[in-house]
Amino acid sequence: MKTWEENVRKVTPYTPGEQPNRPQMIKLNTNENPYPPAPGVAEVLRHPDEDALRRYPDPAASVLVNALAENYHVKPEQVFVGVGSDDVLAMAFMTFFNSEKPILFPDVTYSFYDVWADLYRIPYHTCALDENWHMNPEDYKQPNGGVIFPNPNAPTGVEESQAIEEILQANPDVVVIVDEAYVDFGGTSALPLLKKYENLLVVQTFSKSRAMAGMRIGFCIGNEKLIHYLNDVKFSFNSYTMNLPSQVMGVEAVRDDAYFKATTAKIVATRERIKKELNELGFTFPDSKANFIFASHKEVPAEELFRALREADIYVRHWNKPRIANSLRITVGT
């Protein structure tokens with residue numbers, strides 16, 4: 001190894017879902033919304049304020065923050081926005097997980113958590129999900145430097161709402177982050193618990209339920225002090241993280257609540273139909289409250305199915321990892 005390499009920060013990066021671009025493909029591997037964004041979003045694209053693009057965007061993204069605060073009935077000082085929920089979560093890791101104690105998250109979960117922990121040199125410990133893919137709240141009552149988990153979980157789709165308050169009660173001295181990327185598809189949000197727990201941070205995204213994965217908009221809601229600390233870190237890193245088109249289009253997506261509810265309802269209805277048809281084909285899966293299903297076949301190995309589907313230009317997600325190597329995550333399409 002060359003001398004200069006000794007001081008390089010080396011990490012194993014997160015591997016995102018494959019993004020093929022083939023004319024007749026069926027893409028069900030990255031949990032994208034199969035429907036377009038709200039009509040107002042397209043209207044902004046058709047009639048952009050071109051002169052505004054020569055100026056820096058509002059670093060506080062106030063127009064979007066205010067729209068989110070109004071929609072979720074909180075103060076603007078309780079809202080933080082970022083370039084996708086991954087950006088928000090990365091900032092949260094950097095801001096809140098600075099103890100010498102390990103942070104806790106499930107062993108089967110969003111695979112970016114351990115990447116951020118390694119990147120920021122945060123010790124961590126994974127807690128095993130039970131045989132039905134549920135968290136055990138008792139596992140989160142050990143000494144720790146913070147807790148994070150998705151609800152519904154990814155990649156299983158299992159909802160954990162009943163465990164959240166028990167975990168919060170057991171951890172008053174650390175920040176507990178609930179990652180709600182998929183909550184709009186039938187899950188129960190932890191947002192009402194914000195009134196009781198000042199250490200709770202709830203993270204959501206526009207990528208799934210609002211059909212704006214290409215615009216990279218994420219946000220979190222929490223106690224005003226938590227948001228203040230997040231902004232301090234953000235402005236120490238990059239003041240202009242969210243571009244102007246994202247801010248303006250994000251507002252249009254938030255304001256069209258009727259379209260949002262209609263679209264998510266269609267996806268939920270399709271998901272429930274898919275469950276019945278997959279069951280008839282010999283698949284088993286936990287009950288999903290997300291926009292995907294985590295399925296295993298009784299007879300055919302997941303990797304064999306994954307490869308055969310890919311050859312047919314049908315893309316689903318497969319991980320060759322312990323406990324989940326025989327499962328496929330299948331996004332709900334149309």
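Modeller: Let's start with a term you'll need: a residue is buried when its relative accessible area is under 20%, exposed when that is over 50%, and partly exposed in between. Keep in mind that the model above is predicted.

Biologist: Okay, let me try it. Is Glu18 buried, partly exposed or exposed?

Modeller: Glu18 has a relative accessibility of 31%, so it counts as partly exposed.

Biologist: And what does the side chain of Glu18 meet in a salt bridge?

Modeller: To read a salt bridge, look for a side-chain nitrogen of Lys or Arg within 4 Å of a carboxyl oxygen of Asp or Glu. Here, Glu18 pairs with Arg310, at 2.5 Å from N to O. The two sit in distant parts of the chain, 292 residues apart: Glu18 is in the segment before β1, and Arg310 is in helix α9. Arg310 counts as partly exposed because its relative accessibility is 37%.

Biologist: How many salt bridges does the structure hold?

Modeller: There are 17. One of them joins Asp51 and Arg54, at 2.8 Å. Try the accessibility cut-offs on that pair: Asp51, at 41%, is partly exposed, while Arg54, at 63%, is exposed.

Biologist: Got another one I can practise on?

Modeller: Sure, take Lys141 and Glu138, whose side chains meet at 2.8 Å, N to O. Lys141 comes out as partly exposed at 37%, and Glu138 is partly exposed at 48%.

Biologist: Which residues are linked in a network of salt bridges?

Modeller: A network here ties together Arg271, Glu272, Lys275 and Asp287.

Biologist: Now the sheet. In what order do the strands come?

Modeller: Read a sheet strand by strand, following who pairs with whom. This open sheet has 4 strands, and you go through β9, β10, β13 and then β12, with antiparallel pairing. At the edges you find β9 (283-284) and β12 (317-318), each pairing on one side only.

Biologist: How many bridges join β12 to β13?

Modeller: You'll find 2 bridges there, and the strands run antiparallel. To see a partner pair, pick Arg317: its bridge partner in β13 is Arg329.

Biologist: Which strands does helix α8 lie across?

Modeller: For a helix on a sheet, check which strands it lies across, then compare directions. Helix α8 (residues 257-280) lies across β9, β10 and β13, and runs at about 5° to β10. Helix α9 packs on the sheet too, touching β9, β10, β12 and β13, and its direction makes about 40° with that of β13. You've met α9 before: Arg310, the salt-bridge partner of Glu18, is in that helix.

Terms used:
Residues are numbered from 1 along each chain as its sequence is written. This is a predicted model: local features need pLDDT of at least 70, side-chain atom pairs count only at pLDDT 80 or more; totals for chains, interfaces and linings use all residues. Side-chain values use heavy atoms; hydrogens and water are left out. Buried means under 20% relative accessible area, exposed over 50%, partly exposed in between (1.4 Å probe, protein chains only). Two strands pair if DSSP finds at least two bridges between them. Contact means heavy atoms within 4.5 Å. Axes are lines fitted to C-alpha atoms, for helices over the stretch in contact, and angles run from 0 to 180 degrees between N-to-C directions.
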